[in-house]
Amino acid sequence: MRSIWKGALTFGLVNVPVKVYSATEDHDVPLHQVHHEDGGRIRYQRVCEIDGQPVEYADIDRAYVDDGRTIVLTKDDLASLPAEKSREIDVVEFVPSEQVDLLTLDKAYYLEPDSKSPKAYVLLRKTLEQTDRTAIVRFTLRQKTRLAALRVRGDVLVLQTLLWADEVREAAFPALDEDVKISSKELEMSAALVESYSSDFDPEEFVDEYQKELRTLIDAKIEAGEGFDVAGTFGEEDEGAAKGGEVIDLMEALRASVERTKAARKNGTGTAAKDADDEAADDETADHEKPASTKKSSVTKKTAAKKAPAKKKAG
C-alpha cells in the first residue's frame, strides 16, 4: 500500500507520528463507455464555454457563483487557508464507542506508526481498547476539514471520517407516526424467525454476486463473440419473480418462515435458503451446460458461490 498523507496524532502533550493509508478499495469490474455502433471509446473533454476550446486540468481554477457573479478561487487562494497547511490529527474528545452513529461513518483509513519507536501508538491503541472509547478527531485532507472517529481494529488504529451533522437527512415518514398495534403473538413469531437465522457474522462468507456474474458474462462474450445472447448464460427471468408482490398476512408469512427454517434444520441443511441453493446446485450437476440464474441475491454464501458455474476466471 502507498501512504496518502503523513502527519501526527495529537492529544494533550502526546504526539504520535503516523502515515495514513486508504483502508478500502473498489473491486468492481472496470468498464468504460463506447459507441454502440462501432465500439469507439467515448472520451470527455473539459471545454471552456466562452471560447469553445479544450482546457488542460492544470489551467482550471475553482469558482463560486454569488447572485450572478462568479468568484474565482485560484490554487494559491485555496493553499493560503490555514487549515490546509495543518499536518496534525487533533483529538477533540474521547467518547463512549456506542455514541458514534453508524449512519455517519464514511471513508476508512489505516494509520501506521511513523517513528523509530511505536510505543506512543501502541499506548493509545491499548488505552482505547481498555476504556472502550472512540476518539473524535479533526484533520485536513485534500483541502477539506474533516471530522473523524479514531478506533481500534485488531492491532491497527483506524481513522474513519464522519459526515457532518447537517449532512445527515432527517427521516420524516408520516406512515411511522401512525399508531400501529403489534400483538404479543406476532412479536413471538418474529423473534422465533430471527432466532432461526441467528449466526455469527463472517464477511468472508459473502461475495458480490453481481460482479461475479459480470465477469462470467465478459468471459462468455470473449469466447462467443459479439453475437452472444445474455439469456444463454444466465437463463430467462422468471415472470413471477420479476413482478413480486406484497405480503398481506404478516402472521402467516412469519409462521411459514419459521416452519420452513425448522424443517430445514431437522434435515441437517442449515437454512431454507441453503436448501434452495443446494437444490439448484444439484440441477446444475445433472445438466452442467445450464448456466447460473440471475435470480440469486446480490450476496450469497461461499458454498453457493463455489457451486455456481463459471467458464473461466476473469483475467
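**Strand 9 and the nonpolar core**

Q: What makes strand 6 and strand 9 a pair in this predicted model?
A: Pairing requires at least two bridges between two strands. Strand 6 (residues 105-113) and strand 9 are joined over 5 bridges in the antiparallel sense, so they pair. Within this pairing, Leu 111 stands opposite Leu 157 in strand 9.

Q: How do you know that strand 8 and strand 9 pair?
A: Strand 8 (residues 144-153) and strand 9 share 7 bridges, in the antiparallel sense. The requirement is at least two, so these strands pair. Val 156 in strand 9 is the bridge partner of Arg 153. The two strands form a hairpin with 2 residues between them, and Gly 154 in the turn has a positive phi of about 65°.

Q: Why is strand 9 called mostly covered?
A: A residue is buried if its relative accessible area is under 20%. In strand 9 (residues 156-162), 6 of the 7 residues are buried, so the strand is called mostly covered.

Q: Which residues have the most contacts inside the largest nonpolar core?
A: That core has 20 residues, and those with the most contacts inside it include Leu 111, Leu 150, Leu 157 and Leu 159. Strand 6, strand 8 and strand 9 are among the elements that give two or more residues to the core. Strand 7 gives the largest share, 4 residues.

Q: What makes Leu 157 a contact of Leu 150?
A: Contact means heavy atoms within 4.5 Å. Leu 157 is listed among the contacts of Leu 150, therefore the two have heavy atoms within 4.5 Å. Other contacts of Leu 150 include Leu 9, Leu 124 and Val 137.

Definitions and conventions: Residues numbered from 1 in each chain as written. Predicted model: local features only at pLDDT ≥ 70, side-chain atom pairs only at ≥ 80, totals over all residues. Heavy atoms only, no water. Buried < 20%, exposed > 50% of the residue type's maximum accessible area, 1.4 Å probe, protein only. Core = buried A, V, L, I, M, F, W, Y, C linked by side-chain atoms within 4.5 Å. Lists of a residue's contacts leave out its neighbours within four places in sequence.
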